[in-house]
Amino acid sequence: MIYDKDGNQVPLFDASSQEPVIEDRGPKQPTAVKRLGKGQSCQVNKFSGSRIRYGRYMGGVTGNAKNVSFSEKKGAFTGYITDRPDLSTVAQYFTATPSGGPYHAAFHGLLYFEADNPVPGPNYFMQVH
């Protein structure tokens with residue numbers, strides 16, 4: 001489950017109910033995994049250009065860390081949740097905006113973000129607790 005800054009549950013949509021476009025959106029989808037341990041964080045700044053753009057990595061957690069917070073600094077993102085770095089295994093997706101963050105999640109899998117036709121400069125920040 002994912003919660004926004006006000007404690008409201010963010011709707012998660014079942015990817016299996018969508019057309020298979022989620023797994024075929026282009027060659028830029030991440031397949032490399034970057035795992036963060038408790039207290040670690042990362043920021044991604046590489047969203048610009050036209051069409052769909054993806055973050056460089058799928059994010060995951062290591063050890064006993066399970067709580068993740070993330071926020072968008074500019075622009076809206078779609079977040080994808082999967083259980084392994086295989087793009088055809090996307091289980092759920094959600095929309096995240098700067099006004100809703102920081103978001104908090106009890107995290108058991110991998111997460112990656114996309115921006116559709118991003119304005120220059122959107123980024124997100126992810127931290128493990």
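Let me start with Asp-4, which is buried and yet has no salt bridge, the nearest side chain of opposite charge being that of Lys-5, at 8.0 Å. I should say at once that what we are looking at is a predicted model, so please hear each value I quote as one computed from that model.

Where does Asp-4 sit? The residue belongs to the loop between strand 1, residues 2–3, and strand 2, residues 13–14. Although a salt bridge is missing, the side chain of Asp-4 does have a polar atom that lies 2.9 Å from the backbone nitrogen of Asp-6.

Staying in that loop between strand 1 and strand 2, we also find Pro-11. In contrast to the buried Asp-4, Pro-11 has a relative accessible area of 51%, and it counts as exposed because the cut-off for that class is over 50%. Along the chain Pro-11 is 84 residues away from Thr-95, while the C-alpha atoms of the two are separated by 8.1 Å.

Let me step back to the whole protein for a moment. How many helices and strands are there in the protein? There are zero helices and 12 strands, and if you read along the sequence you simply meet β-β-β-β-β-β-β-β-β-β-β-β. Of the 129 residues in the protein, 42% are buried.

Two residues within strands show how positions far along the sequence come to be placed in space. Arg-35 is in strand 3, residues 33–36, and with a relative accessible area of 45% it is partly exposed. Its partner in this comparison is Leu-110, 75 residues away along the chain, with 8.8 Å between the C-alpha atoms of Arg-35 and Leu-110. Ser-71, in turn, lies in strand 7, residues 67–72. Why is Ser-71 classed as buried or exposed? Its relative accessible area is 11%, and because buried means under 20%, Ser-71 is buried. From C-alpha to C-alpha, Ser-71 is 9.1 Å from Ser-99, and the two are 28 residues apart in sequence.

I would next like to turn to the second largest pocket, which has a volume of about 160 Å³. Which residues lie closest to its centre? Of the 12 residues that line this pocket, they are Met-1, Ile-81, Gln-92, Ala-106 and His-108. The elements that contribute two or more residues to the lining are strand 8, residues 77–82, and strand 10, residues 103–106. If we sort the lining of the second largest pocket by class, we count seven nonpolar, four polar and one charged residues.

His-108, one of those residues closest to the centre of the pocket, deserves a further word. His-108 lies in the loop between strand 10 and strand 11, the latter covering residues 110–116, and at 62% relative accessibility it counts as exposed. The C-alpha atoms of His-108 and Asn-67 are separated by 8.8 Å, with these positions 41 residues apart along the chain.

My last point concerns the backbone on the other side of strand 10 in sequence. Pro-102 is found in the loop between strand 9, residues 90–96, and strand 10. Is the peptide bond from Gly-101 to Pro-102 cis or trans? In this model the bond is cis, with omega near 5 degrees.

Conventions:
Residues are numbered from 1 along each chain as its sequence is written. This is a predicted model: local features need pLDDT of at least 70, side-chain atom pairs count only at pLDDT 80 or more; totals for chains, interfaces and linings use all residues. Side-chain values use heavy atoms; hydrogens and water are left out. On a 1 Å grid over the protein atoms alone, a cavity is a set of points where a 1.4 Å probe fits but cannot get out, and a pocket is an open set with protein on both sides within 12 Å along at least five of seven lines; lining residues have an atom within 4 Å of a point. Grid points are joined across faces, edges and corners, and a volume is the space filled by probe spheres set on the points. Helices (H or I, at least four residues) and strands (E, at least two) are DSSP runs, numbered from the N terminus. Ala, Val, Leu, Ile, Met, Phe, Trp, Tyr, Cys and Pro count as nonpolar, Asp, Glu, Lys and Arg as charged, and the others, Gly among them, as polar. Buried means under 20% relative accessible area, exposed over 50%, partly exposed in between (1.4 Å probe, protein chains only). Lys and Arg count as positive and Asp and Glu as negative; His and the chain ends are not counted. A salt bridge is a side-chain nitrogen of Lys or Arg within 4 Å of a carboxyl oxygen of Asp or Glu. A polar contact is a pair of N or O atoms within 3.5 Å; within protein, one must be able to donate a hydrogen and the other to accept it, and residues adjacent in sequence count only if both atoms are side-chain atoms.
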